Structure formats: structure tokens, C-alpha cells
Amino acid sequence: MIAFGGEFSERAQKIMLKIQFKMMLLPAFLIFVIFTAAVVLICALTELWIIMIFELAVVLTAVLTVAGPYIERKKTLRVSLPKKVVIDGGFVSAVWEDGEMQKPVSDVKKVIKMDGCCYIVFRRPRYRDVFCEAACMTAGTLEAFERLFQGKIEEHK
């Protein structure tokens, strides 16, 4: 059995915010492209270029979408960081403030290791992916963790 629990360090919290930031880039880009195209098309068809003022709202929405994890830092961390993670009997179980999840280890797509933290990414996350920090390990060893996910671990800086 491998278990993680406890308070995350400031470094781990920054890593999670960075992950959330990167996850928001694609939706923000899509919002920007789709609505910009719509505003430009409407302006071109009606020849009322004053409507381009709505582009400011589009840009603001895209910026707020990307910056959201940093703006709502406490809420993002409270929802994203699990209270407890247990890997036992071929299953990964995680408990967050607002829910819990249990998935088989075979559903793990990859494990991203970065600066003493691991982000377990599932093929089809039913709830969400799992983030854990080596310093919060309460049972098991890092060697056992690495053996369990051998071939799926990617090192990132």
C-alpha cells in the first residue's frame, strides 16, 4: 500500500497552479478565436465597426479564463489538491474536499514527475486526475511507487 496525505508545500501548490493554468490555455484560445471571428464577421457584414468594442470583452474573458487559477488561488487549490490518496490492491483512490474517486491502476495513462511531486493522469478521468507530493507520503516508498508505474513515468522540470 502506498498512501499520501497531509498539507501540501508551497512549492507543490505552485506546481498545481501551473498545471491548472496550462489546462485553461486551450479553452481560452478557443473562446478568443470563435468570438473574435464572430465579431469581425458581424462588423464586416453590417459595416458597423463600432461593434468591435465587444472585442474588449472577448479579450477580457480569455485573459480571466487563463488567469482564473491564480485569481481564485484558494478555491482552485482546495478543489484540486486531494486530502488523501491511497494506491492499494490495484486501485488508485483519492478523496477531495468535494468528492472522491477510485480507478484501477491499469487506467493510468501517465505519471508526470516534477520537483518532488507526481501528477497521475488517467485515460478517461471520471472525476479528475490525481496530484500527490513525495513529502506527504504516509505509507510505502517512492521506489514502490515508481515500480508500480514503471514505463508510464515522465520527468518534467
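This is a short selection tour of a predicted model, from strand β1 to the nonpolar cores.

**Stop 1: strand β1 and its partners**

Select residues 2-5, strand β1. Add residues 84-88, strand β2. The two strands run antiparallel and are joined by four bridges. Look across from I2: I87 of β2 stands opposite.

Now add residues 137-139, strand β8. This strand also pairs with β1 in the antiparallel sense, over two bridges. Here F4 stands opposite M137.

**Stop 2: M137**

Stay on M137 in strand β8. Is M137 buried or exposed? Its relative accessible area is 18%, and the cut-off for buried is under 20%, so M137 counts as buried. Show its contacts beyond four places in sequence: I2, A3, F4 and L142. Then draw a C-alpha distance from M137 to A3. The viewer should give 5.8 Å, for two residues 134 apart along the chain.

**Stop 3: Q13 on helix α1**

Move to residues 10-46, helix α1, and pick Q13. At 17% relative accessibility, Q13 counts as buried. What does Q13 touch, leaving out residues up to four places away in sequence? The contacts are F8, R73, L77 and L81.

**Stop 4: helix α2 and its bend**

Select residues 54-71, helix α2. Centre on T65, where the helix bends by about 40°. A proline, P69, follows within four residues. Both T65 and P69 belong to the buried set of α2, together with E55, V58, A62 and V66. Turn on α1 and α3 (73-80) as well: both are among what covers these buried residues.

**Stop 5: the nonpolar cores**

Which residues have the most contacts inside the largest nonpolar core? Select F4, I87, V92, I120, V130, F145 and F149. The whole core has 19 residues. Colour by element next. Two or more residues each come from β1, β2, β3 (91-96), β5 (108-114), β6 (117-122) and β7 (130-133). Two names return from the first stop: I87, opposite I2, and F4, opposite M137.

Zoom in on F149. Leaving aside neighbours within four places in sequence, F149 is in contact with I87, V92, V105, V108 and V111.

Finish on a second, separate core of 14 residues. Its members include F8, I19, M114 and F131. F8 is a familiar name: it is one of the contacts of Q13.

How values were computed
Residues are numbered from 1 along each chain as its sequence is written. This is a predicted model: local features need pLDDT of at least 70, side-chain atom pairs count only at pLDDT 80 or more; totals for chains, interfaces and linings use all residues. Side-chain values use heavy atoms; hydrogens and water are left out. Buried means under 20% relative accessible area, exposed over 50%, partly exposed in between (1.4 Å probe, protein chains only). Contact means heavy atoms within 4.5 Å. Two strands pair if DSSP finds at least two bridges between them. The bend at a residue is the angle between axes fitted to the seven residues ending there and the seven starting there. A nonpolar core is a set of buried Ala, Val, Leu, Ile, Met, Phe, Trp, Tyr and Cys residues joined through side-chain atoms within 4.5 Å.
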